Amino acid sequence: MLPKTADIVIIGGGCMGAATAHYLAARGAGKVLLLEREKFLAMGSTGRNAGGVRYQFSTEVNVRLSQFSLAVIARFEELFGISAAYRPIGYLFLLTTPHAVTAFQANVAMQNRLGVTDARYLTPSEIAALAPRVNLEGVLGGTFCPRDGLADPNSVTQGFAKSARAHGAQIETETTVTGIKTAGGRIVAVVTDRGEVATHTVVNCAGPWAAQIGALAGIAIPIAPVRRQFFTTDALPQIPHDHPMTIEFATTLYFHPEGAGLLVGMSNADETPGDTYAIDEEFHLTTLERALYRLPLIENARVASQTAGLYEVTPDAEPILAQARALPGFYIAAGFSGHGFQHAPATGKVMSELILDGKATTIDIAMLDLERFAEGRLIQEGNVV
Ligand SMILES: Cc1cc2nc3c(=O)[nH]c(=O)nc-3n(C[C@H](O)[C@H](O)[C@H](O)COP(=O)(O)OP(=O)(O)OC[C@H]3O[C@@H](n4cnc5c(N)ncnc54)[C@H](O)[C@@H]3O)c2cc1C
C-alpha cells in the first residue's frame with residue numbers, strides 16, 4: 001500500500017534510485033519510499049545498457065566516482081549477497097588523431113596521479129600484441145586500464161534494492177509520479193496515480209525523464225533523452241572471452257565479448273533528442289560497416305539481437321548531483337550522459353551524504369550543481385562514447 005507520508009521520496013527505480021535508497025536506508029534516514037512506474041525495477045536505461053565500467057575518464061570527479069563505485073562493484077557479492085558479474089577485461093581506447101593522443105596522454109597522467117596507477121598509454125605495436133584481431137590501420141596509439149571491464153546492471157540494481165528493503169525502505173512499482181506539490185517555497189507532497197504522499201524531500205532519479213520530473217516541480221533541468229543502440233552477435237569463437245572492451249574513439253564504435261559472441265555499439269552523432277526505442281536500421285548498417293572495418297572477423301557471425309535505449313544527456317556530459325537552489329528539498333541524481341551505471345554506487349553514497357549531512361564528503365561533487373548550466377560553469381567530460 002502506498003504510504004500517506006514519507007521522509008524521503010525517490011522517483012525512479014533504475015540503478016540510481018536503488019543505490020540512493022540503499023545508502024539512505026542504511027544510514028537510518030527515516031521512511032524512505034522509492035516510486036517506479038514500471039512493473040519491475042531497471043526497465044529504463046539501466047536495463048538497456050552495455051554494462052561497461054571504467055576508470056578511464058577525462059575529469060577528476062568522474063575518476064573519483066569510478067574509484068568508489070568499482071571498489072563496491074568488485075566486492076558486490078560479499079557486500080550484497082548477489083554477484084555483480086564484474087569482469088576486469090580492460091578498456092582499450094584506439095586513437096586516430098594527434099589531438100586525441102595528446103588528450104588521452106594527459107588523461108592517463110591525471111588518472112595515475114589519482115591512484116589509478118595501472119592505466120597506461122600504448123603504442124600501436126603494444127596494441128597489436130593486446131588485440132591482434134583488430135585492424136589498426138590509422139591508429140596512432142591507445143590507452144588501456146586492465147581493471148576497466150564489464151558488470152551486470154540488473155544485478156547491481158537488485159542488490160541495492162534488496163538491501164534498501166532490508167533496511168526498511170519501501171519500494172512501490174507500477175506507481176507513476178504525476179505531480180509535485182509545493183507551498184511556501186517547499187515541497188509538501190508527491191502526487192501519483194495511486195494517491196498522494198506527504199513529504200518535504202524528493203530525489204529525482206528519473207534518468208532520461210528527469211527533466212519531466214523537474215517540470216512537475218517547476219525546476220528546469222537540462223537533461224535530454226537521446227537514443228543509442230547496439231547489437232549482439234551469435235557465437236564468435238575466434239574472439240577470446242577476455243578480449244578487452246575496444247573503443248575507436250573518433251567514431252565511438254565499441255565492442256566487447258557478450259555471451260559467446262560480441263556486443264557492438266556506436267553513437268549516432270546526428271541523433272536528435274526523443275523518447276523512442278525503435279531501431280534505426282540505417283544506422284545499424286552504418287555501425288555494422290564500421291565494425292567490419294575494425295574487426296573483420298565479425299563477418300563470421302550473425303546479428304543475434306538489437307537493442308535501443310536512452311542516454312540522459314546534459315550539455316557537458318556530466319551528471320547533476322545536487323539540491324536545486326530554487327527549491328530546497330528537491331534533489332537531482334541524473335544526467336550521466338551514457339556512462340552512469342558504473343557510477344551508481346558512488347551516486348547513492350554522495351546523495352545520502354548531501355541529503356543527511358548537507359554536504360557530500362566521500363567525493364567533492366560541488367561542481368556538479370544544477371546552476372552551473374545557467375551560470376556558465378560547464379565542466380565537460382571529454383571521454384564519452
Ligand atoms: C545503449 C546504452 C548503453 C549504455 N552503456 C553504458 C555502459 O556501458 N556503462 C555505463 O556505466 N552506463 C551505460 N549507459 C548509461 C546507463 O544506462 C545510465 O547512465 C543509467 O542506467 C542511468 O540510470 P538511472 O537510474 O539514472 O536511469 P533509469 O535506469 O532510466 O531509471 C529511471 C527510472 O525512472 C522511472 N520513471 C521515469 N518517470 C517516472 C515517473 N513519472 N514516475 C515513476 N517513475 C518514473 C523510469 O521508468 C526508470 O525506471 C548506457 C545507456 C544506453 C542507453
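**Close-up 1. Helix 9 against the strands of the sheet in the predicted model.** Helix 9 (residues 344–357) lies across strand 1 (8–11), strand 12 (202–204), strand 18 and strand 19. Relative to strand 19, helix 9 runs at about 165°. Helices (H or I, at least four residues) and strands (E, at least two) are DSSP runs, numbered from the N terminus. Residues are in contact if their C-beta atoms, placed from the backbone, lie within 7 Å. Axes are lines fitted to C-alpha atoms, for helices over the stretch in contact, and angles run from 0 to 180 degrees between N-to-C directions. Residues are numbered from 1 along each chain as its sequence is written. This is a predicted model, in which local features need pLDDT of at least 70 and side-chain atom pairs count only at pLDDT 80 or more, while totals for chains, interfaces and linings use all residues.

**Close-up 2. The open six-stranded sheet and its edges.** The strand order is 8-2-1-12-19-18, with mixed pairing; two strands pair if DSSP finds at least two bridges between them. Strand 8 (170–172) and strand 18 (320–323) each have a single partner strand, so one side of each is left without a neighbour in the sheet. Neighbouring strands are turned by 15° against each other on average, direction ignored.

**Close-up 3. The hairpin of strand 18 and strand 19.** Strand 18 runs antiparallel to strand 19 (residues 330–334), and four bridges join them. Leu321 has Ala333 of strand 19 as its bridge partner. Six residues lie between the strands of this hairpin, in which Gly329 takes a positive phi near 95°.

**Close-up 4. The shell around the ligand.** Of the 40 residues around the ligand, Gly14, Gly44, Gly207, Gly309 and Gly340 come nearest; a residue is near a molecule if its C-beta atom, placed from the backbone, lies within 6 Å of it. Helix 1 (15–26), strand 13 (224–233) and strand 17 (303–313) are the elements that give two or more residues to the shell. Strand 17 supplies the largest share, four residues. By residue class, the shell holds 17 nonpolar, 17 polar and six charged residues. Here Ala, Val, Leu, Ile, Met, Phe, Trp, Tyr, Cys and Pro count as nonpolar, Asp, Glu, Lys and Arg as charged, and the others, Gly among them, as polar.

**Close-up 5. The two domains and the ligand between them.** Domain 1 (8–49 + 153–223 + 316–372) and domain 2 (84–149 + 227–310) both give residues to the shell, so the ligand lies between them. The domain bounds come from an automatic or database domain assignment. The domain centres, taken over C-alpha atoms, are separated by 30 Å. Seven residues of domain 1 are in contact with six residues of domain 2. On the domain 1 side, the touching residues divide into two nonpolar, four polar and one charged.

**Close-up 6. Two loop residues with positive phi, Glu174 and Ala317.** Most residues other than glycine have a negative phi. Glu174, in the loop between strand 8 and strand 9 (177–183), has a positive phi of about 50°. Ala317, in the loop between strand 17 and strand 18, has a phi near 60°. Glu174 is exposed, with 12 other C-beta atoms within 10 Å, whereas Ala317 is buried, with 22. A residue is buried if 20 or more other C-beta atoms, placed from the backbone, lie within 10 Å of its own, exposed if 12 or fewer, and partly exposed in between.

Notes:
Contact = placed C-beta atoms within 7 Å.
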